Amino acid sequence: GYFHVGSGPPGGPSVQFGLNSDGTDASTGQSFMLYRPGAGRPGMGSFTLSPLEEKDGHLDGFSAYYFRTVDGVIEAYTAISGEVAITKSSAERIEGMFRFSGALYYSAPLNGGSYDDVWDIGPNTIDPSAPRIAVTGSFGAMSLDGVTVVDQN
């Protein structure tokens, strides 16, 4: 996985933290994302996960998202409750474990959508009747800050 700490858009939060980790081995086809607008890289410790809330015109909080493809259908879940435990946090690497209860907020056939589409639906608006899922796992992510991507084509 990877993470990034950066400035938000003009008028938005001044700092934002995002971490993406794609499943391997038995978890291939699944991915996990942490998002923390308005705050930088978390230090070691436990943090509550919940839907982001709008404050002063921008999103605030600490949330997690889980994506998977099941029988050709993309499913996207947002954390409604849970926690993430950061066991290592440095400018170069973050490691940790998570557990949360998630609510389905997006579902579409893979051939009719893409993972980019999951952000078109508000992941922080929870439908009380949406299916729920329990998600647990661990992650290790390196920083994208200062990394130069080289096009080898």
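Three salt bridges turn up in this predicted model, taking a salt bridge to be a side-chain nitrogen of Lys or Arg within 4 Å of a carboxyl oxygen of Asp or Glu. The model being a prediction, local features need pLDDT of at least 70 and side-chain atom pairs count only at pLDDT 80 or more, while totals for chains, interfaces and linings use all residues. Residues are numbered from 1 along each chain as its sequence is written, and side-chain values use heavy atoms, with hydrogens and water left out.

Side chains of opposite charge can pair when their charged atoms come close. One such pair is E75 and R68, with the closest N and O atoms 2.7 Å apart. E75 counts as buried, at 15% relative accessibility, whereas R68 is partly exposed, with a relative accessible area of 23%; here buried means under 20% relative accessible area, exposed over 50%, and partly exposed anything in between, using a 1.4 Å probe and protein chains only. E95 and R93 also form a salt bridge, again with 2.7 Å between the closest N and O atoms. Both ends of that bridge sit in the middle class: E95 is partly exposed at 26%, and R93 is partly exposed at 31%. The remaining bridge joins D60 to K55, at 3.6 Å from N to O. D60 is partly exposed with a relative accessible area of 25%, and K55 is partly exposed too, with 42%.

As for the overall build, the protein chain has zero helices and ten strands, with helices (H or I, at least four residues) and strands (E, at least two) taken as DSSP runs numbered from the N terminus. Read along the sequence, that gives the pattern β-β-β-β-β-β-β-β-β-β. Of the 153 residues in the chain, 37% are buried. D22, placed in strand 2, is not one of them: its relative accessibility of 58% makes it exposed. D22 and F67 are 45 residues apart in sequence, and their C-alpha atoms are 9.4 Å apart in space.

Strand 2 also comes up in the largest pocket, which has a volume of about 220 Å³. On a 1 Å grid over the protein atoms alone, a pocket is an open set of points where a 1.4 Å probe fits, with protein on both sides within 12 Å along at least five of seven lines, and lining residues have an atom within 4 Å of a point. The volume is the space filled by probe spheres set on the points, which are joined across faces, edges and corners. Of the 14 lining residues, G23, S27, F32, F98 and S138 are the closest to the pocket centre. Strand 2 (16-22), strand 3 (30-37) and strand 10 (132-143) each supply at least two lining residues, and strand 10 has the largest share, with four. By class, the lining has four nonpolar, nine polar and one charged residues.

On the surface, Y2, M142 and L144 make up a nonpolar patch with about 260 Å² of accessible area together. Patch members have over 30% relative accessible area and no salt bridge, and nonpolar side chains (Val, Leu, Ile, Met, Phe, Trp, Tyr) are joined within 5 Å. L144 lies in the segment after strand 10 and is partly exposed, with a relative accessible area of 37%.

Methods. Ala, Val, Leu, Ile, Met, Phe, Trp, Tyr, Cys and Pro count as nonpolar, Asp, Glu, Lys and Arg as charged, and the others, Gly among them, as polar. Patches are made of residues with over 30% relative accessible area and no salt bridge: like charges are joined within 9 Å, nonpolar side chains (Val, Leu, Ile, Met, Phe, Trp, Tyr) within 5 Å. Accessible areas come from the Shrake-Rupley method with a 1.4 Å probe; for residues, only the protein chains shown count as cover.
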